[in-house]
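User: I'm new to reading protein models. Could you walk me through this one, a question at a time?

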Amino acid sequence: MNYHWDWGIFFKSTGVGSEIYLNWFVSGLGWTIAVALAGWIIALALGSVLGVMRTLPGKLLPTIATTYVELFRNVPLLVQLFIWYFLVPDLLPTPLEMWFKQGISPATSAYLSVVVCLGLFTAARVCEQVRTGIQALPRGQNNAALAMGFSTAQTYRFVLLPQAFRIIIPPLTSEFLNIFKNSSVASLIGLMELLAQTKQTAEFSANIFEAFTLATLIYFVLNMSLMGFMAWVEKRVRIPGMMGGSK
Amino acid sequence: MSAMISINNVSKWYGDFQVLTDCTTGVKKGEVVVVCGPSGSGKSTLIKCVNALEPFQKGEIIVDGIAVGDPKTDLPKLRSRVGMVFQHFELFPHLSITENLAIAQVKVLGRSQDEAREKGLKLLDRVGLKAHAHKFPGQLSGGQQQRVAIARALAMDPIAMLFDEPTSALDPEMINEVLDVMTELAQEGMTMMCVTHEMGFARRVAHRVIFMDKGAIVEDCDKDAFFGDINARSERARQFLSKILQH
């Protein structure tokens, strides 16, 4: 392969303002984190509510939650993103549509679309984790809580959820990493997150190998750090005398 | 003596399968009633109906003047006044022993943390486990956990206690420590309904013995009559007793 490697490229001027290429990566990483964290807050909150709904007695609430999961889990993420970005704004009431298309910057409208899209998509997956976490608990725990006089809400709040969330930390970690990786779809609607900045660097500098090597490295280090963080959380909330907990 | 728990003509079905057939009995204030019978005879189901952990389709159960099956009944309130002890203890594994004893006092009865803690410790001392207050359930033996579970139920100042096979999941060595606590409780005049196979306990402590088979109450008589006048018992009860008492 006849390729001229140049690792110094990241410190060279982009020709746009006074920026060097490294600035682009830093700014891209910032957007990636901003998208993923905001999406994760939506996913965790909505997913927990839906997960609880799926385990409640009765028909209506579980059916609503199940329908949600099937809908969001069975349509490709990219299709969902295009729907949120290109279709949904047209369906909004006119003032809201105008605000979305002209009132805010293109970056902001792309950001909002991708956060909503990733949040709702990941919520379906978090829902399933929460549901399985609750269902993995012995049925007697629910009975014991009710027998003490707890309402259904108190039973979830004080007895079922604290245990369920501990059980599902490992699969939840996986979803947490996924939302960071999935945030790269934002590059397809023009949000200048990490992948978009990488492509831009490759096009401007022609140093495509260096650009993608750095991007790979950043994603890798980012996700390893998140895994480390989640392992720390898991250790912190470990119950003495329980699986893997110290005696 | 007035009836604390009265069970009138209760029947229950799982789909087409009838698990309880016209059960009628009662427990008077201060009375200790032992419910025995072969596996699958409906003993546990019946006792769970008393505090509405299991719904029933026919008949009525009245606890301290309140109809359990009435949709208008405030079930959490009713349950908070009836203590229940389970086969598998069902302590809350994510909470320390102190917290297990205090949580329902605080969240259901509205007692202050200090008051609840103090009451919990007093009861823990009574079941001989004060030194374990800071531990978690997973760090205690089965017998110790069950004693904590009894203390936890007593902390709510119950008007009656329900025991659902409290010693069935215990190592033989630990059965007595739990039965001792129950015996002491009975001697203090607690109203108790106990599903158990411990015939020694029944003989020593119970006032009445109920024998169930195939979802129906076959025998419901005085302790002395049940164990003493064996020839007056039904064929099925004689069979059961001969098997259970020969060792």
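**A covered helix and its neighbours**

Analyst: Sure, let's start with helix α1 (residues 43-50) of chain B, which is mostly covered: 8 of its 8 residues are buried. Keep in mind as we go that this is a predicted model.

User: Which residues of α1(B) are buried?

Analyst: A residue counts as buried here if 20 or more other C-beta atoms lie within 10 Å of its own. In α1(B), the ones that pass are B:Lys43, B:Ser44, B:Thr45, B:Leu46, B:Ile47, B:Lys48, B:Cys49 and B:Val50.

User: And which residue just after α1(B) takes a positive phi?

Analyst: Step past the end of the helix and look at the backbone there. With a phi of about 65°, the residue just after α1(B) is B:Ala52.

User: Now the strands. What is the order of the strands in the open sheet of chain B?

Analyst: Let's build it up pair by pair. Strand β1 (residues 3-14) of chain B pairs with strand β2 (residues 17-28) of chain B over 8 bridges, in the antiparallel sense. On top of that, β1(B) is joined by 5 bridges to strand β4 (residues 58-63) of chain B, and 2 bridges link β4(B) to β5(B). Put together, the 4 strands have the order β2-β1-β4-β5.

User: Which strands are the edge strands?

Analyst: An edge strand pairs on one side only. In the order β2-β1-β4-β5 of chain B, look at the two ends. That makes the edge strands β2 and β5 (66-67) of chain B.

User: Can we zoom in on the bridges? Which residue stands opposite B:Val63 in β5(B)?

Analyst: B:Val63 belongs to β4(B), where B:Ile5 stands opposite it. For a bridge in another part of the sheet, B:Val10 has B:Cys23 as its partner in β2(B). Going over to β5(B), the residue opposite B:Val63 is B:Ile66.

User: Which residue in the turn of the β1(B) and β2(B) hairpin has a positive phi?

Analyst: The two strands form a hairpin with 2 residues between them. In that turn, the residue with a phi of about 65° is B:Gly15.

User: Over to chain A. How many helices does chain A have?

Analyst: Chain A has 0 strands, and read along the sequence, its pattern is α-α-α-α-α-α-α-α-α-α. Its C-alpha trace spans about 70 × 55 × 30 Å along the principal axes, and 36% of its 247 residues count as buried. The helix count is 10.

User: At what angle do α5(A) and α7(A) cross?

Analyst: Helix α5 (residues 106-135) of chain A and helix α7 (residues 152-167) of chain A have axes that come within 8 Å. The crossing is right-handed. As for the angle, it's roughly 115°.

User: How many of the residues in that contact of α5(A) with α7(A) are nonpolar?

Analyst: From α5(A) come A:Val130, A:Gly133 and A:Ile134, and from α7(A) come A:Leu160, A:Ala164, A:Phe165 and A:Ile167. Sort them by type and there's 1 polar residue and no charged one. The nonpolar count is 6.

User: Last one: which elements give two or more residues to the side of chain A that touches chain B?

Analyst: Across the two chains, 23 residues of chain A are in contact with 22 residues of chain B. The chain A side divides into 12 nonpolar, 9 polar and 2 charged. The elements you're after are α6 (139-147) and α7 of chain A.

Terms used. Residues numbered from 1 in each chain as written. Chains lettered and ligands numbered in written order. Predicted model: local features only at pLDDT ≥ 70, side-chain atom pairs only at ≥ 80, totals over all residues. Pairing = 2+ DSSP bridges. Axes fitted to C-alpha atoms, helices over the stretch in contact; angles between N-to-C directions. Left-handed = near helix turned anticlockwise from the far one by under 90°. Contact = placed C-beta atoms within 7 Å. Nonpolar A, V, L, I, M, F, W, Y, C, P; charged D, E, K, R; others polar. Buried ≥ 20, exposed ≤ 12 C-beta atoms within 10 Å, placed from the backbone.
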